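Got your viewer open and a selection box ready? Load the model below, and we'll walk through it stop by stop.

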Amino acid sequence: MVKLALLTTSLLTSGALTSPVSNPNRPPSRDISPRQWGGGGYYFQNWSEGGSNVRCVNGPGGQFSATWNSKGGFVCGKGWSAGGARVITYSGTYNATGPGYLAVYGWTRNPLIEYYIIEAHAELSPNEPWTYMGNFSSPEGDYDIYTSWRINKPSIEGTRTFQQFWSVRKEQRVSGTVTTQRHFDEWAKLGMRLGRHDYVVMAVEGYTADGGWGSAGEATITVQ
């Protein structure tokens, strides 16, 4: 278990939270459905499994909130039904313990790829190995890049085997801008090719690591 870590738009301490080691692991994936519309053209994501005690609230415009004390997995977020090259600006609070992320989260088809751009996280204590691919710097921050595989697991196309792409921000934050094309370009340089974009959301995710107690916390995020 890690200490309760609070990140807000007004308090960000450089180096206060560490980035993952070069061989972290990853929790089980899930079928991210059903889909919901959040009003104002936004797509709202609310999914949970495994007896999760999660409250995910669709707020006005690009705002959503979540509170959880979960022995299971969940994804709560807001974004767009079509991903691709987007400039995503977000702000809010993220206060969590246990395994979980605040991330830009999306899928592509053909090939089927599940991808994350992790902006903040609580504990990184997942169940499957990541492969470190490299790192890059941009005006928006410094990121480490990883890949991983899911074998015969739920996806947006049912039970499938698919790859996961990860960018993990070295200095965590809960306010800023993510230009997704920057990450797509850096992944492509490493042979990490995306397919046709499906939805993308700014999401809060929590889960239970093997033998773990689960996760808990609260978040309020607005995207635009």
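What follows is a short tour of this structure, one selection at a time.

**Whole chain.** Before zooming in, keep in mind that this is a predicted model. Switch to cartoon and you'll see 17 strands and 1 helix. Of the 224 residues, 55% count as buried. Now for a bit of contact bookkeeping: take the contacts with a separation of 6 or more, and 71% of them come from residues 24 or more positions apart. Turn on the surface too; the accessible area comes to about 9200 Å², and carbon and sulfur atoms own 48% of that.

**The disulfide.** Select Cys 56 and Cys 76, which are joined S to S at 2.0 Å. The structure holds 1 disulfide, so to speak your single stop of this kind. The pair links distant parts of the chain, with Cys 56 in strand 5 (residues 54-58) and Cys 76 in strand 7, 20 residues apart. Put a dihedral monitor on the S-S bond: the torsion is about 80°, so this disulfide is right-handed. Are the two partners buried or exposed? Cys 56 has a relative accessible area of 13%, which is under the 20% cut-off and therefore makes Cys 56 buried. Cys 76 counts as buried as well, at 0%.

**Gly 72.** Next, go to the loop between strand 6 (63-70) and strand 7 (73-80), where you'll find Gly 72. With a relative accessible area of 11%, Gly 72 falls under 20% and so counts as buried. What does Gly 72 touch once its neighbours within four places in sequence are set aside? Show Glu 49, Gly 50 and Ser 52, then Gly 206, Tyr 207 and Thr 208: Gly 72 is in contact with each of these. For a distance label, try the C-alpha atoms of Gly 72 and Val 54, which are 18 residues apart along the chain and separated by 9.5 Å.

**The helix.** Select residues 180-189 for helix 1. Colour Thr 180, His 183, Phe 184, Glu 186 and Trp 187, the buried residues here. They span an arc of only 165° around the axis, which puts them on the same side of helix 1. Step just past the end of helix 1 to Gly 191, where phi is positive, at about 80°.

**Nonpolar cores.** Show side chains for Trp 68, Tyr 94, Leu 102, Trp 187 and Val 204. These have the most contacts inside the largest nonpolar core, a set of 35 residues. A second, separate core has 20 residues, including Ala 103, Ile 118, Ile 156 and Ala 203.

**Aromatic rings.** How many aromatic pairs does a search of the whole structure find? The count is 19. Start with Tyr 101 and Tyr 116, an edge-to-face pair at 5.8 Å centre to centre with 70° between the planes. Tyr 101 sits in strand 9 (residues 100-109) and Tyr 116 in strand 10 (residues 113-121), so the pair ties together parts 15 residues apart in sequence. Both tyrosines are buried. Then widen the selection to the cluster that ring pairs build: Tyr 43, Tyr 101, Tyr 105, Trp 107, Tyr 116, Trp 130, Tyr 132, Tyr 146, Phe 162, Trp 166, Tyr 199 and Tyr 207. You've already met Tyr 207, as one of the contacts of Gly 72.

Key. Residues numbered from 1 in each chain as written. Heavy atoms only, no water. Helix = DSSP H or I, 4+ residues; strand = E, 2+ residues; numbered from the N terminus. Buried < 20%, exposed > 50% of the residue type's maximum accessible area, 1.4 Å probe, protein only. Contact = heavy atoms within 4.5 Å. Core = buried A, V, L, I, M, F, W, Y, C linked by side-chain atoms within 4.5 Å. Arc of directions from axis to C-beta. Areas by Shrake-Rupley, 256 points an atom, 1.4 Å probe, with all protein chains shown as cover. Disulfide = S-S within 2.5 Å. Phe/Tyr/Trp six-rings, centres within 6.5 Å; stacked < 30°, edge-to-face > 60°.
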